[in-house]
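I open this notebook to record what I looked up in the structure, entry by entry. The ligand site and some backbone details are the topics.

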Amino acid sequence: MDADEVFGPPGIEDGRQLWRLARDSKTLDLNSPYSYILWCRDFAATSVVVRSGGRIRGFVTGYNRPEHPGTLFVWQVAVDAAWRGRALAGRMLAYLADRGCRFVEATVTPDNTASDRLFAAFARDRGAELHRTPLLPGELFPGDHEPEELYRIGPLDARPASASGDR
Ligand SMILES: CC(C)(COP(=O)(O)OP(=O)(O)OC[C@H]1O[C@@H](n2cnc3c(N)ncnc32)[C@H](O)[C@@H]1OP(=O)(O)O)[C@@H](O)C(=O)NCCC(=O)NCCS
């Protein structure tokens, strides 16, 4: 863990860096810059960025499902390629979970091993169950798209915010 890693919510001035990280990931669906900027305004409390050296090195965007407020849906996770393998993504998930949700959900495509391992490791570290079920078949999408499988993790125990790597 680098001494200057700081975890916290994003602000609207961060939206363009989130867009760049998503673009450079080459894996994530790239949304418009506008959507990342607006996300940083309206979903900052359920999203997190990690800063180091004055730049954003990773982010998780998430929202509480409107009909299921205890369920945090993780929309996108990205870590700068040079910063992977330092548990940044895992610590960002822990940061958000420590802010009080009972379940974490995300969708994962079958070819995304890193994403599968990330959520499996998070469930393991929390001692929580992970259920995988089909959610979005590829035919729902325009053009070619892999099916999206729902990962649902929980129930999670409440933990104090100091239990994760946030500072
Ligand atoms: C997926 C991603 C966010 C992981 O970031 P990271 O900070 O390197 O992940 P962590 O170091 O926190 O690793 C968490 C767990 O996943 C595993 N993992 C991470 N990347 C992996 C990979 N490429 N292959 C296999 N396992 C991997 C780690 O070993 C760890 O498991 P462990 O505790 O059992 O060792 C990063 O690779 C990334 O930005 N990828 C491109 C975007 C993407 O695919 N996002 C996910 C879809 S929303």
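**Entry 1. A cis peptide bond.** I began with Pro 155, which lies in the segment that follows strand S7 (148-154). The model I am reading is a predicted one. I looked up the peptide bond from Gly 154 to Pro 155 and found it to be cis, its omega being near 0°. I noted for context that most peptide bonds are trans.

**Entry 2. Position of the ligand.** I next asked where the ligand sits. The ligand occupies the largest pocket. I then looked up how much of the ligand the protein covers, after listing its polar contacts.

- A polar backbone atom of Val 79 is 2.8 Å from an oxygen atom of the ligand.
- For Ala 87, a backbone N or O atom is 2.9 Å from an oxygen atom of the ligand.
- For Asn 112, an N or O atom of the side chain is 3.1 Å from an oxygen atom of the ligand.

On its own the ligand exposes 910 Å², of which the protein buries 73%.

**Entry 3. The shell around the ligand.** I looked up which residues come nearest to the ligand. There are 20 residues around the ligand, and Val 77, Val 79, Gly 85, Gly 90 and Arg 124 come nearest. Sorted by class, the shell holds 10 nonpolar, 6 polar and 4 charged residues.

Which elements each supply at least two residues of this shell? I found strand S4 (68-79), helix H3 (88-97) and helix H4 (113-126). Helix H4 gives the most, with 6 residues.

**Entry 4. Positive phi values.** I recorded beforehand that most residues other than glycine have a negative phi. I then examined two residues with a positive value.

Ala 87, already noted for its backbone contact with the ligand, is placed in the loop between S4 and H3. I read its phi as near 65°, a positive value in a residue other than glycine. Is Ala 87 buried, partly exposed or exposed? Ala 87 counts as partly exposed, because its relative accessibility is 45%.

Lys 26 is in the loop between helix H1 (15-25) and helix H2 (33-42). The phi of Lys 26 is near 60°, which is again positive in a residue other than glycine. I class Lys 26 as exposed, because its relative accessible area is 73%.

**Entry 5. Residues of helix H1.** I turned to two residues of helix H1, Gly 15 and Leu 21. Gly 15 has a relative accessible area of 0% and is therefore buried. Leu 21, at 12% relative accessibility, also counts as buried, because the cut-off for that class is under 20%.

I also looked up C-alpha separations for this helix. Gly 15 and Arg 99 are 84 residues apart in sequence, and 22 Å separate their C-alpha atoms in space. Leu 21 and Thr 61 are 40 residues apart along the chain, with their C-alpha atoms separated by 12 Å.

**Entry 6. Phe 122.** My last entry returns to helix H4, where Phe 122 is placed. Is Phe 122 buried or exposed? Phe 122 counts as buried, because its relative accessibility is 5%. Leu 136 is 14 residues from Phe 122 along the chain, and I find their C-alpha atoms separated by 23 Å.

Terms used. Residues numbered from 1 in each chain as written. Predicted model: local features only at pLDDT ≥ 70, side-chain atom pairs only at ≥ 80, totals over all residues. Heavy atoms only, no water. Near = heavy atom within 4 Å. Polar contact = N/O pair within 3.5 Å; in protein donor to acceptor, adjacent residues only side chain to side chain. Areas by Shrake-Rupley, 256 points an atom, 1.4 Å probe, with all protein chains shown as cover. 1 Å grid on protein atoms, 1.4 Å probe; cavity = no way out; pocket = protein on both sides within 12 Å on 5 of 7 lines; lining within 4 Å. Sits in = over half its atoms within 2 Å of the grid points. Helix = DSSP H or I, 4+ residues; strand = E, 2+ residues; numbered from the N terminus. Nonpolar A, V, L, I, M, F, W, Y, C, P; charged D, E, K, R; others polar. Buried < 20%, exposed > 50% of the residue type's maximum accessible area, 1.4 Å probe, protein only.
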